[in-house]
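Q: Please choose one part of this model and take me through it slowly, step by step. I am in my first year, so I would like to see how each piece connects to the next.

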Amino acid sequence: VMYNDFVLIGPKSDPAGIKGSRDIAAALRAIQTKAAPFVSRGDRSGTHQAELALWRAAGIDLSASRGAWYREIGQGMGAALNTAGGMSAYVLSDRATWLSFRNRGDLDILVE
């Protein structure tokens, strides 16, 4: 039996101060409040749709509060993880992709 879930990946330095939280809504609000870099797939995939639903659940209207801190790349999960690593940014990933991703650099699971 297999399953998959989503995890919030981010830089080990954790500028939004969310590491260890189990409250994804609070974590996303902290990222937005601190304008910490966040990479979105922006590709209308299931992961992208889940990310957008989580922002809404956190009470954040991205169309009104999106700034330079939020970057949609229009690409898949591997590219999003690579971009997040290069920018020291946060990104929502499915756990299976994260576990198979080898170019982790300074990224780690911060919220699960």
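A: In this predicted model, V39 stands opposite R71 in β3, and this pair is a good place to enter the sheet. The two strands concerned, β2 and β3, run parallel and are joined by three bridges. They belong to an open sheet of five strands with mixed pairing, in the order β3-β2-β4-β1-β5. Because β3 (residues 70-72) and β5 stand at the edges with a single partner strand each, one side of each is left without a neighbour in the sheet. Neighbouring strands are turned by 40° against each other on average, if direction is ignored.

Let us now follow that order across the sheet. After β2 comes β4, and these two strands pair in the parallel sense over two bridges; here F38 stands opposite Y90 of β4. The next pairing, between β4 and β1, is antiparallel and has four bridges. Within it, F6 stands opposite D94, while I9 has V91 as its bridge partner. The last step leads from β1 to β5, where the strands again run antiparallel and are joined by four bridges, with P11 of β1 partnered by L107 of β5.

The next matter is how far these strands are covered. In β1, five of the six residues are buried, and in β4 five of five are. The residues of β4 point in two directions, since Y90, L92 and D94 go one way and V91 and S93 the other, yet all of them are buried. S93 deserves a closer look, as its relative accessibility is 0%, which means that it counts as buried, the limit being under 20% relative accessible area. Leaving aside residues up to four places away in sequence, S93 touches D5, F6, V7, I9, M77, L81 and W98.

A helix also belongs in this picture. Helix α1 lies across β1, β2, β4 and β5, and runs at about 30° to β1. Its buried residues, within the stretch 24-33, are A25, A27, L28, A30 and I31. An α-helix has 3.6 residues a turn, so residues three or four places apart point the same way. The cover over the buried residues of α1 includes the strands β1 (6-11), β2 (38-40), β4 (90-94) and β5 (107-111), together with helix α2 (46-57). At the start of α1, a side-chain oxygen of D23 comes to within 3.1 Å of the backbone nitrogen of A25.

The helix and the sheet can also be considered through their nonpolar residues. In soluble globular proteins, nonpolar side chains tend to be buried together. The largest nonpolar core here has 20 residues, and I18, I31, F38, W55 and Y90 are those with the most contacts inside it. Two or more residues come to this core from each of α1, α2 and β5, and α1 gives the most, with five. F38, which we met opposite Y90, touches L8, L28, I31, E51, W55, W69, Y70, R71, A89, Y90, V91 and L92, again not counting residues up to four places away in sequence. There is also a second, separate core of 14 residues, and among its members are V7, V39, M77 and L107, so that V39, with which we began, and L107, the partner of P11, both appear in it.

Finally, consider two loops that flank β2 in the chain. Most residues other than glycine have a negative phi, and most peptide bonds are trans. A35, however, has a positive phi of about 50° although it is not a glycine; this residue follows α1 and has its place in the loop between α1 and β2. A35 counts as partly exposed, because its relative accessibility is 43%. In the loop between β2 and α2 we find R44, another residue that is not a glycine and yet has a positive phi, here of about 65°. With a relative accessible area of 74%, R44 is exposed, in contrast to S93 of β4, which counts as buried at 0%.

How values were computed:
Residues are numbered from 1 along each chain as its sequence is written. This is a predicted model: local features need pLDDT of at least 70, side-chain atom pairs count only at pLDDT 80 or more; totals for chains, interfaces and linings use all residues. Side-chain values use heavy atoms; hydrogens and water are left out. Buried means under 20% relative accessible area, exposed over 50%, partly exposed in between (1.4 Å probe, protein chains only). Contact means heavy atoms within 4.5 Å. A polar contact is a pair of N or O atoms within 3.5 Å; within protein, one must be able to donate a hydrogen and the other to accept it, and residues adjacent in sequence count only if both atoms are side-chain atoms. Two strands pair if DSSP finds at least two bridges between them. Axes are lines fitted to C-alpha atoms, for helices over the stretch in contact, and angles run from 0 to 180 degrees between N-to-C directions. A nonpolar core is a set of buried Ala, Val, Leu, Ile, Met, Phe, Trp, Tyr and Cys residues joined through side-chain atoms within 4.5 Å.
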